[in-house]
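Student: Please take a close look at the charged side chains in this model, and tell me where they sit along the fold. I would like one connected account that also covers the backbone around them.

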Amino acid sequence: MIIDSHEHLIVPEKKQLALMEEAGVDFTILFSTVIHPETAQDLTTRTRELQPLYDIFTGKKNPVEARKHSLEELKQVVDKYPQKYKAFGCIPLGLSVEENNEWIEKYIVKNKFIGLGEIVPKTGEVKQLRTIFSSAEEFGRLPLWVHTFEPVKFTDIKELLELA
């Protein structure tokens with residue numbers, strides 16, 4: 001069995017299944033996404049599709065609401081194809097342990113997701129993962145998937161290793 005351990009949800013869902021079949025992948029661990037650049041037909045539609053991400057970065061769009069929507073979208077596809085997918089669910093940075101626990105219960109455990117991620121800290125934010133590590137421990141050592149390239153720097157990776 002060939003397992004792809006990290007792929008973001010592609011829409012339409014049939015496209016992702018076709019790509020898996022073409023690559024000989026039997027099973028995939030899916031991650032959510034707030035954008036779908038794969039739907040773009042040209043530069044204009046690609047720019048339009050990337051705009052929500054820019055809006056999150058600039059504070060024009062609520063990142064928590066965007067994550068909730070992406071988790072709903074992910075759950076629908078995983079529920080429809082359980083023989084093909086398991087999922088990791090995103091979690092916002094900066095929450096307390098109690099808030100993390102509520103989020104994990106509502107959006108990870110109830111959705112039958114198997115881990116937390118992809119967590120994308122900016123450089124200097126890795127210490128905020130401490131509460132997520134604590135919550136992951138409380139839920140039976142849920143695995144974490146942390147984004148460890150740009151904007152994360154080498155010093156951040158060292159901090160992440162210390163947390164782990």
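Tutor: Helices and strands here are DSSP runs numbered from the N terminus, a helix being H or I over at least four residues and a strand being E over at least two. With those labels, and bearing in mind that the model is predicted, the fold holds six helices and five strands, which follow one another along the sequence as β-α-β-α-α-β-α-β-α-β-α. The radius of gyration is 16 Å, close to the 15 Å that the globule rule gives for 164 residues, so the protein is as compact as a globular protein of that length. Along the principal axes, the C-alpha atoms fill a box of roughly 40 × 35 × 30 Å, and 38% of the 164 residues are buried.

Let me begin with the paired charges. The whole structure contains six salt bridges, and one of them joins glutamate 13 to lysine 80, with the closest N and O atoms 2.7 Å apart. This pair links distant parts of the chain, since glutamate 13 belongs to helix H1 (residues 13-23) while lysine 80 belongs to helix H3 (residues 63-80), 67 residues apart. Leading into that part of the chain, proline 12 lies in the loop between S1 and H1, and the peptide bond that joins valine 11 to proline 12 is cis, with omega about -5°.

Helix H3 also holds both partners of another bridge, glutamate 65 and lysine 68, which are three residues apart, or about one turn of the helix; their closest N and O atoms are 3.4 Å apart. Glutamate 65 has a relative accessible area of 43% and is therefore partly exposed, and lysine 68, at 22%, also counts as partly exposed, the range for that class running from 20% to 50%. A further bridge pairs lysine 153 with glutamate 150, the closest N and O atoms being 3.1 Å apart; here lysine 153 is partly exposed at 38% relative accessibility, whereas glutamate 150 is exposed at 54%.

Some acidic side chains gather instead: Glu98, Glu99, Glu102 and Glu138 form a patch of negative charge on the surface. Helix H4 (residues 97-109) gives the most to this patch, with three residues, while glutamate 138 comes from helix H5 (residues 129-138) and, because its relative accessibility is 53%, counts as exposed.

The backbone at certain charged residues also deserves attention. Lysine 112, in the loop between H4 and S4, has a positive phi of about 60° although it is not a glycine, and its side is open to solvent in the sense that a relative accessibility of 68% makes it exposed. Arginine 141, in the loop between H5 and strand S5 (144-146), likewise has a positive phi of about 60° without being a glycine, and its relative accessible area of 63% makes it exposed. Finally, a cis peptide bond with omega of about 5° joins glycine 117 to glutamate 118, and glutamate 118 is placed in strand S4 (residues 115-119).

Note on methods:
Residues numbered from 1 in each chain as written. Predicted model: local features only at pLDDT ≥ 70, side-chain atom pairs only at ≥ 80, totals over all residues. Heavy atoms only, no water. Patch = residues over 30% accessible without salt bridge, like charges linked within 9 Å, V, L, I, M, F, W, Y side chains within 5 Å. Areas by Shrake-Rupley, 256 points an atom, 1.4 Å probe, with all protein chains shown as cover. Salt bridge = Lys/Arg side-chain N within 4 Å of Asp/Glu carboxyl O. Lys, Arg positive; Asp, Glu negative; His and termini not counted. Charge placed at Lys NZ, Arg CZ, Asp CG, Glu CD. Buried < 20%, exposed > 50% of the residue type's maximum accessible area, 1.4 Å probe, protein only. Rg over C-alpha atoms; globule rule 2.2 N^0.38 Å.
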